[in-house]
Amino acid sequence: MTNSPSLPILYSREVEAARTKGAPIVALESTIITHGMPYPGNIEMARSVETIIRNGCAVPATIAVIDGTLHVGLEAEQLEKLTQAKDVMKLSRADFAFALATGRTGATTVAATMIAAALAGIRVFATGGIGGVHRGAEQSFDISADLEELAKTDVIVVCAGAKAILDIPKTLEVLETRGVPVVTHRSTDFPAFWSRVSGFPSPLTVETASEIATFEAARQAAGIRGGILVANPVPEQDEIARDEIEGFIQVALKAAEEQKIAAKAVTPFLLDHIFQQTGGRSLKTNIALVENNARLAAEIAVALADERA
Ligand code: PSU
């Protein structure tokens, strides 16, 4: 066990070795495993994403709280156990430390994974799609804590855009207000998770991972804190077109309203509903986009290490 300033962190053997050598590390979240995908698609994704990061010359660090201990990097059997675990909390900034204090097991969302990655000195994190401003937020006030975390915590988050279930222009507005750079990889359009385009322009565009590393170095030199949101469109062969997915989203949103689904349960409910409606096709796209993000995140982690060398 190694100590961060005050919190004990349990690193996997592989992550511990990478830390000793100063090798590039990519953080991965666990809510996507426990709340975002059904078994066995979740284990398939969790394993393949780790392999992709290793093939990209970086080390994967899947993050979770297990029985009140923060784990940064999971051994294969811990990962396997988590994919089928029941009664796992979905942890964000508000309750991350509650799970630590009470000995609970919890999966980390984008917000909580950023907090843990920063504690462990990991600068890049790959996920599927960030949380954002929910449709109808003017009534529900449902805005993901992921956005606030991006404003505060110094981690580069690689995603496939904001989930199309959200209000994308309002999500982009909040990111702009909170000073979060949104950089899309090789596209001028901000992607919408299952689809390559949202129809809304990306504030910034880059072509390569090393441009992102150089941008990060300039931000540090300027003393600007907080995260960078890197949006990486899903590969063309895996995407579900915007018009097609929108029909499924509308049906899922109606079901959520009728069943009075609220707060943390909304995103998992909508993802599962769309999975059922598409006969599993949305899950295939979701896995493909996370894999694609893992590839880019490894490249960024390597480029950041090169910048430092
Ligand atoms: N990406 C996926 N599937 C997911 C998530 C991301 O492909 O389930 C999770 C992340 O953990 C993200 C969360 O933080 O969805 C957003 O939840 P909410 O809208 O409740 O903030």
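**A buried binding site, a two-faced helix and a shared core**

With 26 C-beta neighbours inside 10 Å, Ser-144 counts as buried in this predicted model. Ser-144 sits in a loop, with helix H7 (137-140) on one side and helix H8 (145-152) on the other. Once residues up to four places away in sequence are set aside, what Ser-144 touches is Gly-131 and Gly-132.

Ser-144 also turns up in a UniProt record: an unreviewed entry carries the annotation "binding site" for Lys-90, Val-110, Ser-144, Ala-145 and Asp-146. These residues span 57 positions in sequence, yet no two of their C-alpha atoms are more than 12.8 Å apart, so they gather at one spot. Lys-90, another residue in that annotation, belongs to strand E6 (residues 89-91). Is Lys-90 buried or exposed? It takes 20 or more other C-beta atoms within 10 Å for a residue to count as buried, and Lys-90 has 20, so Lys-90 is buried. Its contacts, leaving out residues up to four places away in sequence, are Thr-31, His-35, Ala-107, Thr-109 and Lys-264.

Next comes helix H11, which runs over residues 242-258. Its 17 residues reach 24 Å from the first C-alpha to the last, close to the 24 Å expected at 1.5 Å a residue. Which residues of H11 are buried? They are Ile-245, Phe-248, Ile-249 and Ala-252. Looking down the axis of H11, the buried residues fall within an arc of 105 degrees, so they line one face of the helix. The spacing fits a simple rule: an α-helix has 3.6 residues a turn, so residues three or four places apart point the same way. Helix H12 (266-277) is part of what covers the buried residues of H11. Over on the other side of H11, the exposed residues are Asp-243, Gly-247, Gln-250, Lys-254, Glu-257 and Glu-258. Just past the end of H11, Lys-260 has a positive phi of about 55 degrees.

Finally, there is the nonpolar interior. The largest nonpolar core holds 97 residues, and Val-26, Phe-125, Val-157 and Ile-300 have the most contacts inside it. Helix H13 (residues 281-308) supplies the largest share, 13 residues. Where does this core lie with respect to domain 1 (1-122) and domain 2 (126-309)? Both domains give residues to the core, so it lies between them. Val-157 gives a closer look: beyond its neighbours within four places in sequence, Val-157 is in contact with Val-110, Met-114, Phe-125, Thr-127, Ile-130, Leu-150, Gly-227, Leu-229 and Val-230. One of these contacts, Val-110, is also listed in the "binding site" annotation.

Definitions and conventions. Residues are numbered from 1 along each chain as its sequence is written. This is a predicted model: local features need pLDDT of at least 70, side-chain atom pairs count only at pLDDT 80 or more; totals for chains, interfaces and linings use all residues. UniProt positions are given in the numbering used here, feature names are shortened, and annotations may be inferred rather than shown by experiment. Helices (H or I, at least four residues) and strands (E, at least two) are DSSP runs, numbered from the N terminus. A residue is buried if 20 or more other C-beta atoms lie within 10 Å of its own, exposed if 12 or fewer, and partly exposed in between; C-beta atoms are placed from the backbone. Two residues are in contact if their C-beta atoms, placed from the backbone, lie within 7 Å. The expected span of a helix is 1.5 Å times one less than its number of residues. The arc is that of the directions from the helix axis to the C-beta atoms. A nonpolar core is a set of buried Ala, Val, Leu, Ile, Met, Phe, Trp, Tyr and Cys residues joined through C-beta atoms within 7 Å. Domain bounds come from an automatic or database domain assignment.
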